[in-house]
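Please explain this structure in running text. Take the reader through its helices, its internal spaces, its aromatic pairs and its unusual backbone geometry.

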Amino acid sequence: MAHEALDPDFHRLIDEHAPVRQAGSGFTFTEGPIWHPVDNYLLFSDMPGDVRRRMDRSGVREVMNPSHKGNGMTYDAGLNLLVCEHSTSSVTRFDPDGRREVLASRFEGRELNSPNDICVKSDGSVWFTDPWYGRMAGFGIERPRDLGWQGVFRLPPDHRPGDEPQLVVDRYTFTMPNGLCFSPDESLLYINDTEQANIRVYDVEGDRLSNGRVFASGIKDTLLPGVPDGMKCDAEGNIWCTAPGGLWVYTPAGRLIGKVSIPELPANLHWGGEDWRTLYVCATTSVYAIDVKVGPRNEPFMRARGSQPAGVAESAPQTVNGSSGPLTLDASRFALIIQDMQNDVVMEGGAFAESGSPGHCRDQNAIANVARLADKCRQMGVPVIHVHFVVPPGARGLTLNAPLFEGVIDNTALVRGTWGAAAVPGLEPKDGDHVVEKMRMSAWEGTNLETILKAEGRDMIIETGAWTNMSIEHTARTGADKGYFMVIPEDGCSTMNADWHNASINYALQNVALVTRTDDVIAALS
């Protein structure tokens, strides 16, 4: 069946004639699909049938019966399964061994309605909707409601099982809140309302939501069955929502650009497959699979040990000394950062030469390695972003809360317009490159870096430059927190000496980035 393109941008996401394959059928009402990123299988709920099922290459089988009429599911970063249970009005967690623990079931001393859909933010917080479908016959257990309203809740990263959740929206905003998802950078949270037939979007400010507004409305059709229910965000920030006839796709600006046709009434969706390019749709009695051209928002569970997010594939683990299997990088999703590669930082005669940085930069062959990588990125259409530490004469506006910044003033370093602030020979910005200026260690603080990444549609970063244990590490940590996948070619980085470099590469950066080497990255982009 043909899908409907309302805008040319839709063709970048899915082929208009992409077949919709019936991956499994004969169920009661399917919901909550979620893909295991390590073992490569799909879990889904057969809600009225009170069964949880697993679909893999060997077929479909039951994995929990009864399942407390589970609905929406996801994983946390530790690959614990989080489930919204209708018959118990609970959010529960199942560890990999199957042990069940109730995370939340009451608010202000009263039972929740019936948690419905769920997502996890990169800080570990859990967000879920709470309509009352699970108190209706069939979809749950018919019983009176305790709350009398339908809300959206959050469990903080330090949540203790049994503690009450935090209410994050006005309790009377939604009639039936249902699907929810974060934008790629987690600055926005989208929540749809099945009865109001709309999607709202909120600004995310730490543990709070603000500036709620209608993102899309009128998601209904008198001639076609389907309502806003499950909803997910792709890697480019587009919103895919169940709707009449299948899935409706909206740009981050709220423009409807296309409709994916599904043979049965759709309830929920999620990406899967080893390359995260298969869209699984739970629709009434069946699960359908569609090949798409875009992957999902990089959720925390996709970065679990042993897995790789969409856009990155490898046949064996990467190590500092190279890989034992080929690494593959999707050039359409990456940007290259070249950070602090300036004369004062890594050249003899520069303000910080006495630190040993020029010698370590030579030992690493960092300038030549980064230059080769930058040339390859330009060939592949990967944006090259130069991040330079630059201060005005007198360093006005530079705070002195770290020895590094004191050194900038004491050595009259990195002053705009001077030789010391200029890019090192061989790494000068070229036509089409971006230049970002900063006055902090991290490339994110007080800069337009993220604006450039969003404009370029990039959610993965190759980071190079100086200093490994300061600027590189700080930028990688913040990037990972923001939901970007970070790749560090360690021989494209340098600092004061090998000891500081290795301490960062072998320990701190291993927890926030894929650490590899320049040649492997160049080959992976081929």
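**Helix, cavities, rings and backbone**

On the other side of α2 from its buried residues, R362 and D363 are exposed. The model is a predicted one. Helix α2 covers residues 357–364, and its buried residues are S357, P358, H360, C361 and Q364. Viewed down the helix axis, these buried residues fall within an arc of 165 degrees, so they line one face of α2. They pack against α1 (343–346), α3 (366–379), β37 (493–494) and α7 (498–506). Just after α2, N365 has a positive phi of about 55 degrees.

The next topic is enclosed space. Searching the whole structure gives two cavities of 30 Å³ or more. The volume of the largest cavity is about 100 Å³. Its lining consists of 13 residues, and C119, L180, C181, K232 and E299 are the ones nearest its centre. At least two lining residues come from each of β7 (70–75), β13 (118–120), β17 (177–182) and β21 (231–233). Strand β17 gives the largest share, three residues. Sorted by class, the lining of the largest cavity has eight nonpolar, two polar and three charged residues.

Among the pockets, the second largest holds about 450 Å³ of space. It is lined by 21 residues, of which P184, E236, G237, P252 and K454 lie nearest its centre. Two or more residues of this lining are supplied by β18 (188–193) and by α5 (449–456). The lining of the second largest pocket has eight nonpolar, six polar and seven charged residues.

How many aromatic pairs does the structure hold? There are 15 aromatic pairs. One of them joins W127 and F182 edge-to-face, at 5.5 Å centre to centre and with 85 degrees between the planes. W127 lies in strand β14 (residues 126–130) and F182 in strand β17, so this pair ties together parts that are 55 residues apart in sequence. W127 counts as buried, because its relative accessibility is 0% and the cut-off for buried is under 20%. F182 is also buried, at 1% relative accessibility.

The ring centres of W276 and F301 are 6.2 Å apart and their planes stand at 65 degrees, so this pair too is edge-to-face. W276 is in the loop between β25 (266–272) and β26 (278–283), and F301 is in the loop between β27 (286–291) and β28 (312–314), so the pair ties together parts that are 25 residues apart in sequence. Both W276 and F301 are buried. Elsewhere, ring pairs link F107, F128, W149 and F153 into a cluster.

W276 also stands out in its backbone: its phi is near 55 degrees, a positive value in a residue other than glycine. W276 counts as buried because its relative accessibility is 2%. A positive phi is found at L79 as well, about 60 degrees, although L79 is not a glycine. L79 sits in the loop between β7 and β8 (81–85), and it is buried, with a relative accessible area of 13%.

Where are the cis peptide bonds that involve P66 and W467? One joins N65 and P66, with omega of about 5 degrees, and P66 is placed in the loop between β6 (59–64) and β7. Another runs from A466 to W467, with omega near -15 degrees. W467 lies in the loop between β35 (460–466) and α6 (468–482).

Two further buried residues can be followed through their contacts. I199 is found in strand β19 (residues 198–205) and counts as buried at 0% relative accessibility. Leaving aside neighbours within four places in sequence, I199 is in contact with Y190, I191, N192, R213, V214, F215, A216, I219, M231, I239, C241 and Y250. The C-alpha atoms of I199 and E62 are separated by 33 Å, and these residues are 137 places apart along the chain.

T251 lies in the loop between β23 (246–250) and β24 (256–261). T251 is buried, with a relative accessible area of 7%. Not counting residues up to four places away in sequence, T251 touches F215, N238 and I257. F215 is thus named among the contacts of T251 and among those of I199.

Note on methods:
Residues are numbered from 1 along each chain as its sequence is written. This is a predicted model: local features need pLDDT of at least 70, side-chain atom pairs count only at pLDDT 80 or more; totals for chains, interfaces and linings use all residues. Side-chain values use heavy atoms; hydrogens and water are left out. On a 1 Å grid over the protein atoms alone, a cavity is a set of points where a 1.4 Å probe fits but cannot get out, and a pocket is an open set with protein on both sides within 12 Å along at least five of seven lines; lining residues have an atom within 4 Å of a point. Grid points are joined across faces, edges and corners, and a volume is the space filled by probe spheres set on the points. Helices (H or I, at least four residues) and strands (E, at least two) are DSSP runs, numbered from the N terminus. Ala, Val, Leu, Ile, Met, Phe, Trp, Tyr, Cys and Pro count as nonpolar, Asp, Glu, Lys and Arg as charged, and the others, Gly among them, as polar. Buried means under 20% relative accessible area, exposed over 50%, partly exposed in between (1.4 Å probe, protein chains only). The arc is that of the directions from the helix axis to the C-beta atoms. Contact means heavy atoms within 4.5 Å. Rings of Phe, Tyr and Trp (its six-membered ring) pair if their centres lie within 6.5 Å; planes under 30 degrees apart count as stacked, over 60 as edge-to-face and the rest as tilted.
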